[in-house]
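Q: Please take a close look at a single residue of this protein and at the part of the chain that surrounds it. I should like to understand its setting before turning to the chain as a whole.

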Amino acid sequence: DRRNNVRTNFTREEESSDAQEIRRQVEFYFSDSNLPIDKFLLEETGGPENKPFPLKTIHNFKRMRHFQPFSAIVEAVKGSDFLEVNDKDEVYRKEPLDKKFTLDVHRNQELLTTKSMKNSIYAKGFGEENRTTAFDIEEFFQPYGAVSVRLRRHEDKTFKGSVFVEFSDEDSAKQFLEMEEKPKFNDKELEIMSKQAYVDMKSQAILEGKVKPKSPTRKGSYRGGRDRRGSFNSNYKRKRDYDDDDDMGGDNWRERRDKFQKSQRG
(Lines give C-alpha, C1' and ligand atoms only; values in the text may rest on other atoms or scores of the structure.)
Protein backbone atom coordinates (compact mmCIF):
# COMPACT_ATOMS: atom_id res chain seq x y z
CA ASP A 1 0.00 0.00 0.00
CA ARG A 2 1.60 3.27 -1.15
CA ARG A 3 -0.01 5.15 1.73
CA ASN A 4 2.35 3.40 4.14
CA ASN A 5 5.22 5.28 2.48
CA VAL A 6 3.84 8.59 3.75
CA ARG A 7 5.63 8.69 7.09
CA THR A 8 4.41 12.03 8.43
CA ASN A 9 1.57 11.61 10.91
CA PHE A 10 -0.88 14.34 9.91
CA THR A 11 -3.23 13.45 12.75
CA ARG A 12 -1.27 14.96 15.61
CA GLU A 13 -1.63 13.22 18.93
CA GLU A 14 -1.28 16.18 21.27
CA GLU A 15 -4.36 18.37 21.69
CA SER A 16 -4.15 22.13 21.20
CA SER A 17 -6.41 25.16 21.40
CA ASP A 18 -3.86 27.62 19.99
CA ALA A 19 -6.01 30.32 18.35
CA GLN A 20 -3.25 31.57 16.07
CA GLU A 21 -2.50 28.09 14.74
CA ILE A 22 -6.21 27.40 14.21
CA ARG A 23 -6.74 30.64 12.29
CA ARG A 24 -3.67 30.11 10.15
CA GLN A 25 -4.79 26.62 9.12
CA VAL A 26 -8.43 27.51 8.39
CA GLU A 27 -7.44 30.68 6.55
CA PHE A 28 -5.14 28.59 4.39
CA TYR A 29 -8.02 26.32 3.36
CA PHE A 30 -9.94 29.36 2.07
CA SER A 31 -6.94 31.24 0.67
CA ASP A 32 -6.46 32.22 -2.97
CA SER A 33 -3.60 29.73 -3.21
CA ASN A 34 -5.65 26.73 -2.01
CA LEU A 35 -9.40 27.19 -2.48
CA PRO A 36 -9.33 27.45 -6.32
CA ILE A 37 -7.54 24.07 -6.58
CA ASP A 38 -9.21 22.22 -3.71
CA LYS A 39 -11.92 20.15 -5.41
CA PHE A 40 -13.98 19.47 -2.32
CA LEU A 41 -14.04 22.96 -0.81
CA LEU A 42 -14.35 24.63 -4.20
CA GLU A 43 -17.52 22.73 -5.04
CA GLU A 44 -19.04 23.01 -1.57
CA THR A 45 -18.49 26.77 -1.38
CA GLY A 46 -19.24 27.39 -5.04
CA GLY A 47 -15.96 29.30 -5.35
CA PRO A 48 -16.97 32.92 -6.06
CA GLU A 49 -20.47 32.15 -4.71
CA ASN A 50 -18.85 32.08 -1.26
CA LYS A 51 -21.40 29.72 0.29
CA PRO A 52 -20.92 29.13 4.04
CA PHE A 53 -19.21 25.87 4.99
CA PRO A 54 -19.58 24.03 8.35
CA LEU A 55 -16.66 24.41 10.73
CA LYS A 56 -17.66 21.00 12.11
CA THR A 57 -16.61 19.44 8.82
CA ILE A 58 -13.34 21.37 8.79
CA HIS A 59 -12.70 20.11 12.32
CA ASN A 60 -12.66 16.60 10.84
CA PHE A 61 -9.78 17.39 8.45
CA LYS A 62 -6.58 15.60 9.45
CA ARG A 63 -4.76 18.83 10.16
CA MET A 64 -7.59 20.03 12.42
CA ARG A 65 -8.49 17.04 14.59
CA HIS A 66 -5.96 17.78 17.31
CA PHE A 67 -7.48 21.21 17.89
CA GLN A 68 -9.83 20.82 20.84
CA PRO A 69 -12.46 21.65 21.89
CA PHE A 70 -14.59 22.58 18.89
CA SER A 71 -15.59 25.83 20.62
CA ALA A 72 -11.92 26.90 20.48
CA ILE A 73 -12.01 26.60 16.69
CA VAL A 74 -15.17 28.68 16.44
CA GLU A 75 -13.76 31.45 18.64
CA ALA A 76 -10.41 31.45 16.86
CA VAL A 77 -11.95 31.80 13.40
CA LYS A 78 -14.26 34.56 14.66
CA GLY A 79 -11.09 36.55 15.30
CA SER A 80 -9.97 36.27 11.67
CA ASP A 81 -9.58 39.37 9.50
CA PHE A 82 -10.12 37.18 6.44
CA LEU A 83 -13.08 34.96 7.39
CA GLU A 84 -16.56 35.32 8.88
CA VAL A 85 -18.51 32.85 11.04
CA ASN A 86 -22.32 32.86 11.07
CA ASP A 87 -24.69 31.78 13.86
CA LYS A 88 -24.69 28.21 12.50
CA ASP A 89 -20.92 27.94 13.01
CA GLU A 90 -20.38 28.05 9.26
CA VAL A 91 -17.41 29.88 7.77
CA TYR A 92 -17.05 31.95 4.62
CA ARG A 93 -14.67 34.55 3.21
CA LYS A 94 -15.21 38.24 3.90
CA GLU A 95 -14.23 38.93 0.31
CA PRO A 96 -15.44 36.26 -2.16
CA LEU A 97 -13.03 34.46 -4.41
CA ASP A 98 -12.37 36.37 -7.64
CA LYS A 99 -14.88 35.55 -10.38
CA LYS A 100 -12.03 34.69 -12.74
CA PHE A 101 -11.92 31.34 -10.91
CA THR A 102 -14.42 28.65 -11.89
CA LEU A 103 -15.20 25.17 -10.55
CA ASP A 104 -12.57 23.76 -12.94
CA VAL A 105 -9.48 23.16 -10.79
CA HIS A 106 -7.33 22.54 -13.88
CA ARG A 107 -8.13 25.95 -15.29
CA ASN A 108 -7.71 27.56 -11.88
CA GLN A 109 -4.28 26.00 -11.47
CA GLU A 110 -3.22 27.51 -14.77
CA LEU A 111 -4.34 30.93 -13.55
CA LEU A 112 -2.30 30.53 -10.37
CA THR A 113 0.85 29.11 -11.96
CA THR A 114 2.50 32.35 -13.05
CA LYS A 115 1.85 34.14 -9.77
CA SER A 116 2.93 31.28 -7.51
CA MET A 117 6.03 30.61 -9.60
CA LYS A 118 7.43 34.04 -8.77
CA ASN A 119 6.75 33.53 -5.07
CA SER A 120 8.17 30.01 -4.80
CA ILE A 121 11.48 28.27 -4.26
CA TYR A 122 12.83 24.72 -4.49
CA ALA A 123 14.84 23.23 -1.63
CA LYS A 124 16.48 19.81 -1.35
CA GLY A 125 18.38 17.92 1.33
CA PHE A 126 15.84 17.11 4.04
CA GLY A 127 16.70 13.43 4.30
CA GLU A 128 14.26 10.65 5.06
CA GLU A 129 10.74 11.35 6.24
CA ASN A 130 9.59 10.62 9.78
CA ARG A 131 6.39 11.25 11.75
CA THR A 132 6.99 15.00 12.10
CA THR A 133 8.88 15.84 8.89
CA ALA A 134 6.14 17.93 7.23
CA PHE A 135 5.56 19.96 10.39
CA ASP A 136 9.30 20.39 11.01
CA ILE A 137 9.87 21.75 7.50
CA GLU A 138 6.89 24.10 7.77
CA GLU A 139 8.22 25.52 11.04
CA PHE A 140 11.68 25.84 9.47
CA PHE A 141 10.44 28.11 6.66
CA GLN A 142 7.70 29.98 8.52
CA PRO A 143 9.93 32.76 9.97
CA TYR A 144 10.96 33.73 6.44
CA GLY A 145 7.43 34.43 5.19
CA ALA A 146 6.44 31.01 3.84
CA VAL A 147 2.70 30.46 3.46
CA SER A 148 2.77 26.86 2.25
CA VAL A 149 5.24 23.99 1.95
CA ARG A 150 4.67 21.05 -0.37
CA LEU A 151 6.63 17.86 0.11
CA ARG A 152 7.56 16.30 -3.22
CA ARG A 153 6.97 12.57 -3.57
CA HIS A 154 7.79 9.71 -5.91
CA GLU A 155 4.99 7.73 -7.55
CA ASP A 156 5.11 5.26 -4.65
CA LYS A 157 4.58 8.16 -2.21
CA THR A 158 8.08 8.06 -0.72
CA PHE A 159 9.49 11.50 0.09
CA LYS A 160 12.02 12.83 -2.41
CA GLY A 161 13.81 14.86 0.23
CA SER A 162 12.82 18.09 -1.53
CA VAL A 163 10.04 20.65 -1.28
CA PHE A 164 8.43 23.56 -3.05
CA VAL A 165 7.88 26.53 -0.75
CA GLU A 166 5.49 29.37 -1.55
CA PHE A 167 6.12 32.71 0.14
CA SER A 168 3.64 35.48 0.85
CA ASP A 169 5.01 37.59 -1.99
CA GLU A 170 7.78 37.79 -4.56
CA ASP A 171 9.97 40.02 -2.39
CA SER A 172 9.95 37.53 0.50
CA ALA A 173 11.02 34.72 -1.82
CA LYS A 174 13.73 36.90 -3.34
CA GLN A 175 15.05 37.94 0.08
CA PHE A 176 15.30 34.31 1.14
CA LEU A 177 17.15 33.34 -2.03
CA GLU A 178 19.56 36.27 -1.63
CA MET A 179 20.52 35.49 1.97
CA GLU A 180 24.31 35.27 2.14
CA GLU A 181 24.18 32.55 4.76
CA LYS A 182 21.27 30.22 4.14
CA PRO A 183 19.71 28.52 7.19
CA LYS A 184 20.56 24.87 7.79
CA PHE A 185 17.98 22.19 8.45
CA ASN A 186 19.08 20.02 11.38
CA ASP A 187 22.66 21.21 10.71
CA LYS A 188 22.39 20.10 7.07
CA GLU A 189 23.07 22.45 4.18
CA LEU A 190 20.28 22.61 1.63
CA GLU A 191 20.33 22.96 -2.14
CA ILE A 192 18.16 26.02 -2.76
CA MET A 193 17.04 27.78 -5.94
CA SER A 194 13.97 29.54 -7.30
CA LYS A 195 11.18 27.27 -8.45
CA GLN A 196 11.48 28.76 -11.93
CA ALA A 197 15.18 27.88 -12.02
CA TYR A 198 14.37 24.32 -10.98
CA VAL A 199 11.62 23.97 -13.59
CA ASP A 200 13.92 25.34 -16.30
CA MET A 201 16.68 22.95 -15.22
CA LYS A 202 14.34 19.95 -15.40
CA SER A 203 12.96 21.05 -18.76
CA GLN A 204 16.47 21.32 -20.18
CA ALA A 205 17.40 17.91 -18.79
CA ILE A 206 14.38 16.39 -20.50
CA LEU A 207 15.25 18.04 -23.81
CA GLU A 208 18.79 16.68 -23.54
CA GLY A 209 17.52 13.20 -22.75
CA LYS A 210 19.09 13.15 -19.29
CA VAL A 211 15.73 12.80 -17.57
CA LYS A 212 12.71 10.86 -18.77
CA PRO A 213 9.44 12.80 -18.66
CA LYS A 214 6.69 11.16 -16.69
CA SER A 215 4.10 9.30 -18.72
CA PRO A 216 0.76 11.10 -18.97
CA THR A 217 -1.66 10.28 -16.18
CA ARG A 218 -5.35 9.66 -16.58
CA LYS A 219 -7.51 12.66 -17.31
CA GLY A 220 -8.70 14.30 -14.14
CA SER A 221 -5.92 13.08 -11.86
CA TYR A 222 -4.09 16.37 -12.28
CA ARG A 223 -0.73 15.08 -11.20
CA GLY A 224 1.33 15.88 -14.25
CA GLY A 225 1.64 17.69 -17.54
CA ARG A 226 2.87 21.10 -18.56
CA ASP A 227 1.71 24.46 -17.43
CA ARG A 228 0.54 27.03 -19.93
CA ARG A 229 4.04 28.45 -20.32
CA GLY A 230 5.36 25.06 -21.41
CA SER A 231 7.37 24.42 -18.25
CA PHE A 232 7.59 20.88 -16.95
CA ASN A 233 5.47 20.61 -13.80
CA SER A 234 5.00 16.99 -12.82
CA ASN A 235 4.60 17.32 -9.08
CA TYR A 236 1.33 19.14 -8.49
CA LYS A 237 -0.58 17.95 -5.42
CA ARG A 238 -3.21 19.47 -3.22
CA LYS A 239 -1.59 21.52 -0.50
CA ARG A 240 -3.78 20.68 2.44
CA ASP A 241 -2.03 17.58 3.79
CA TYR A 242 0.67 16.96 1.19
CA ASP A 243 -0.65 13.56 0.21
CA ASP A 244 -3.48 12.35 -2.01
CA ASP A 245 -5.01 10.21 0.72
CA ASP A 246 -6.33 12.99 2.90
CA ASP A 247 -9.84 12.45 4.21
CA MET A 248 -11.25 15.31 2.17
CA GLY A 249 -9.31 14.91 -1.06
CA GLY A 250 -7.98 12.43 -3.59
CA ASP A 251 -9.88 10.36 -6.11
CA ASN A 252 -12.81 9.59 -3.78
CA TRP A 253 -13.72 13.20 -3.09
CA ARG A 254 -17.11 12.88 -4.84
CA GLU A 255 -18.07 9.97 -2.60
CA ARG A 256 -17.07 11.94 0.50
CA ARG A 257 -18.97 14.97 -0.77
CA ASP A 258 -22.12 12.87 -1.22
CA LYS A 259 -21.79 11.48 2.31
CA PHE A 260 -21.37 14.99 3.66
CA GLN A 261 -24.44 16.26 1.82
CA LYS A 262 -26.54 13.33 3.08
CA SER A 263 -25.42 14.00 6.65
CA GLN A 264 -26.44 17.64 6.31
CA ARG A 265 -29.89 16.64 5.08
CA GLY A 266 -30.24 14.06 7.86
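A: The following account begins with one leucine and then widens to the cores and the whole chain. The model is predicted.

Leu-35 lies in the loop that runs between α1 (19-29) and α2 (39-45). The relative accessibility of Leu-35 is 1%, and because buried means under 20%, this residue counts as buried. Apart from neighbours within four places in sequence, the residues in contact with Leu-35 are Tyr-29, Phe-30, Leu-41, Leu-42, Thr-45, Arg-93 and Leu-97. One of these contacts, Leu-97, is 62 residues away from Leu-35 in sequence, yet their C-alpha atoms are 8.3 Å apart in space.

Ile-58 also touches Tyr-29 and Phe-30; its other contacts, with neighbours within four places in sequence again set aside, are Val-26, Phe-53, Met-64 and Val-91. Ile-58 belongs to the largest nonpolar core, a group of 29 residues, and is among those with the most contacts inside it, together with Ile-22, Leu-55, Met-64 and Val-77. Two or more residues of this core come from each of α1, α2, α3 (55-58), α4 (70-78), β2 (83-85) and α5 (105-118). The largest share, 6 residues, is supplied by α4. Another core, of 19 residues, lies apart from this one and includes Phe-126, Ile-137, Val-165 and Leu-190. In soluble globular proteins, nonpolar side chains tend to be buried together.

Finally, the whole protein chain has 9 helices and 7 strands. Of its 266 residues, 47% are buried. Among contacts with a separation of 6 or more, 67% join residues 24 or more positions apart.

Conventions
Residues numbered from 1 in each chain as written. Predicted model: local features only at pLDDT ≥ 70, side-chain atom pairs only at ≥ 80, totals over all residues. Heavy atoms only, no water. Helix = DSSP H or I, 4+ residues; strand = E, 2+ residues; numbered from the N terminus. Buried < 20%, exposed > 50% of the residue type's maximum accessible area, 1.4 Å probe, protein only. Contact = heavy atoms within 4.5 Å. Core = buried A, V, L, I, M, F, W, Y, C linked by side-chain atoms within 4.5 Å.
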